[in-house]
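Thanks for coming. Please have the sequence and the model open while I talk.

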Amino acid sequence: MGGYRSKLVWAMLVVAMLAAPATAQDDTSRLLADLASKHSSSLAVFHASLNDELGSRPLVGPAVCISTNPAVFISLALDATVNPEQLSDFRLTPATQPKVELKAELLGIDPETGITFIRSTEEHPWTAVQFARSSGLAVGQKVASVGLFPADT
């Protein structure tokens, strides 16, 4: 698992930029720069080891910081059917620092949705994502999405 490196993947936004007119491309570029500056310290890659009858294998997925004191993350890296007792070696890699691995602990996995809750056990200057109460979106309005994948994806 040490060979995995994290980075932000902006694939959907890049495709949208290439297909958009020049003025829309300028707006999208500003949006991307704004998103990166505001939220890069909120994103991490979650690493764990699954140890079952098939042996030990790495599990990797994106994680988003939702609280800073303590630093708690949500992730969809794990399947809701995974037995938490078969998991070990929890770590978080900050999205902007692919060579840094911070120890973490599993808080739990929601059995209905598979949302995984992880707490960082090492200090790092994380920023929690603030979720809006209402999106206020209108039909036809542009929406930006951010994905986080390992470097080999």
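**Arg 91, the core and the salt bridges**

Let me start with one residue: Arg 91 sits in strand E5, which covers residues 87-94. Keep in mind that this is a predicted model.

Is Arg 91 buried or exposed? Arg 91 has a relative accessible area of 11%, and buried means under 20%, so Arg 91 counts as buried.

What does the side chain of Arg 91 meet? There is a polar contact of 2.7 Å between the side chains of Arg 91 and Glu 101. Arg 91 also forms a salt bridge with Asp 89, at 3.5 Å from N to O. Asp 89 is partly exposed, at 42% relative accessible area. Taken together, Asp 89, Arg 91 and Glu 101 form a network of salt bridges.

Next, the nonpolar core. The largest one has 21 residues. Which of them touch the most other members? They are Phe 46, Phe 73, Leu 78, Leu 87, Phe 90, Leu 92 and Trp 126. Strands E2 (43-52), E3 (55-68), E4 (71-75), E5 and E6 (102-109) each give two or more residues to this core.

Take Phe 90 from that list. If we leave out its neighbours within four places in sequence, Phe 90 is in contact with Phe 46, His 47 and Ala 48, and also with Leu 102, Lys 103, Ala 104, Glu 105 and Leu 106. You can find each of those on your screen.

Now back to the charged side chains. How many salt bridges does the structure hold? There are four. We have already met the one between Asp 89 and Arg 91.

Another joins Arg 57 and Asp 52, with the closest N and O atoms 2.9 Å apart. Arg 57 is partly exposed, with a relative accessible area of 31%. Asp 52 has 18% relative accessibility and the cut-off for buried is under 20%, so Asp 52 counts as buried.

One more to look at is the salt bridge between Arg 119 and Glu 105, where the closest N and O atoms are 2.7 Å apart. This pair links distant parts of the chain: Arg 119 belongs to strand E7 (residues 116-120) and Glu 105 to strand E6, and the two residues are 14 residues apart. Arg 119 is partly exposed at 27% relative accessible area, and Glu 105 is partly exposed at 31%. Glu 105 has come up before, as one of the contacts of Phe 90.

That is what I have for today.

Notes
Residues are numbered from 1 along each chain as its sequence is written. This is a predicted model: local features need pLDDT of at least 70, side-chain atom pairs count only at pLDDT 80 or more; totals for chains, interfaces and linings use all residues. Side-chain values use heavy atoms; hydrogens and water are left out. Helices (H or I, at least four residues) and strands (E, at least two) are DSSP runs, numbered from the N terminus. Buried means under 20% relative accessible area, exposed over 50%, partly exposed in between (1.4 Å probe, protein chains only). A polar contact is a pair of N or O atoms within 3.5 Å; within protein, one must be able to donate a hydrogen and the other to accept it, and residues adjacent in sequence count only if both atoms are side-chain atoms. A nonpolar core is a set of buried Ala, Val, Leu, Ile, Met, Phe, Trp, Tyr and Cys residues joined through side-chain atoms within 4.5 Å. Contact means heavy atoms within 4.5 Å.
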